[in-house]
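This briefing sets out the fold content, sheet arrangement, surface and side-chain pairing of one protein chain. Please consult the sequence and the structure shown here alongside the notes.

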Amino acid sequence: MPTVPTEVPEVRCNACGSLTTTDQPNCPSCGQMLNATLLLDRLPRTMPSSNHGIYQFGPRHQVILQLLPSGACLTLPLSVPTVLGRIRPPGDIDFVDLSPYNASQHGVSRQHCRLERGYDQLFVIDLSSTNGTHLNTTRLPPYEEYTLTHGDKLILGTLHIMVSFA
């Protein structure tokens, strides 16, 4: 019985635009790493925020992340720190893959930021992402904890996320 060749999906290089197969780590035309975070030449558009939401994030609370403009909602219990990004890092950590929400086109890094529960608070920590993490209208410096409140807006690259507590 003859074997049927399996087709390898193609991907477009962010740097030069040429097509190549997904089994290649680097673009054969320009050498750019194919999984690299797209460096954006634009800042995220933000709306002014006067949010002073609920700070308390108790042990029974969950966080709901609403991704815009799709409106998709992700509910996270956050019993352990959780990384938001595009490619699962090695090791045994909780991870939310934002690839289905056009994360690459929005400039989301592979391991962009981490959400973690503190004593009755929820924190966001930028993981030295290429295009930055914004909390409402403020760009966060890498590796510093910032308190999230109900109603805050996170922007990863240019991917907008509304934060709610439930």
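The model described here is predicted. Arg114 has a relative accessible area of 25% and is therefore partly exposed. The partner of Arg114 in a salt bridge is Glu116, and a search of the whole structure finds one such bridge. The chain has 13 strands and zero helices, and the structure holds zero disulfides.

**Salt bridge**

- Arg114 and Glu116 approach each other with their closest N and O atoms 2.7 Å apart.
- This separation satisfies the salt-bridge criterion, because a side-chain nitrogen of Lys or Arg must lie within 4 Å of a carboxyl oxygen of Asp or Glu.
- Side chains of opposite charge can pair when their charged atoms come close.
- The two partners fall into separate accessibility classes: Glu116, at 17%, is buried, whereas Arg114, at 25%, is partly exposed.
- The class of Glu116 follows from the cut-off, because buried means under 20% relative accessible area.

**Cysteines and disulfides**

- No disulfide is present anywhere in the structure.
- Cys30 is partly exposed, its relative accessible area being 39%.
- Cys73 is likewise classed as partly exposed, with a relative accessibility of 49%.
- The value for Cys73 does not qualify as exposed, because that class requires over 50%.

**Secondary structure and sheet**

- Read from the N terminus, every element of the chain is a β-strand, in the run β-β-β-β-β-β-β-β-β-β-β-β-β.
- An open sheet is formed by six strands, ordered S4-S3-S13-S12-S9-S10, with antiparallel pairing.
- Its edges are strand S4 (73–76) and strand S10 (138–139), each of which pairs on one side only.
- At the S10 edge, the neighbour is strand S9 (residues 133–135), and these two strands pair in the antiparallel sense over two bridges.
- Within this pairing, His134 has Arg139 of S10 as its bridge partner.

**Burial, contacts and surface**

- The chain comprises 166 residues, and buried residues account for 37% of them.
- Of the contacts between residues at least 6 apart in sequence, 46% join residues at least 24 apart.
- The accessible surface of the chain amounts to about 9700 Å².
- Carbon and sulfur atoms contribute 53% of that surface.

Methods. Residues are numbered from 1 along each chain as its sequence is written. This is a predicted model: local features need pLDDT of at least 70, side-chain atom pairs count only at pLDDT 80 or more; totals for chains, interfaces and linings use all residues. Side-chain values use heavy atoms; hydrogens and water are left out. A disulfide is a pair of cysteine sulfur atoms within 2.5 Å. Buried means under 20% relative accessible area, exposed over 50%, partly exposed in between (1.4 Å probe, protein chains only). Helices (H or I, at least four residues) and strands (E, at least two) are DSSP runs, numbered from the N terminus. Contact means heavy atoms within 4.5 Å. Accessible areas come from the Shrake-Rupley method with a 1.4 Å probe; for residues, only the protein chains shown count as cover. Two strands pair if DSSP finds at least two bridges between them.
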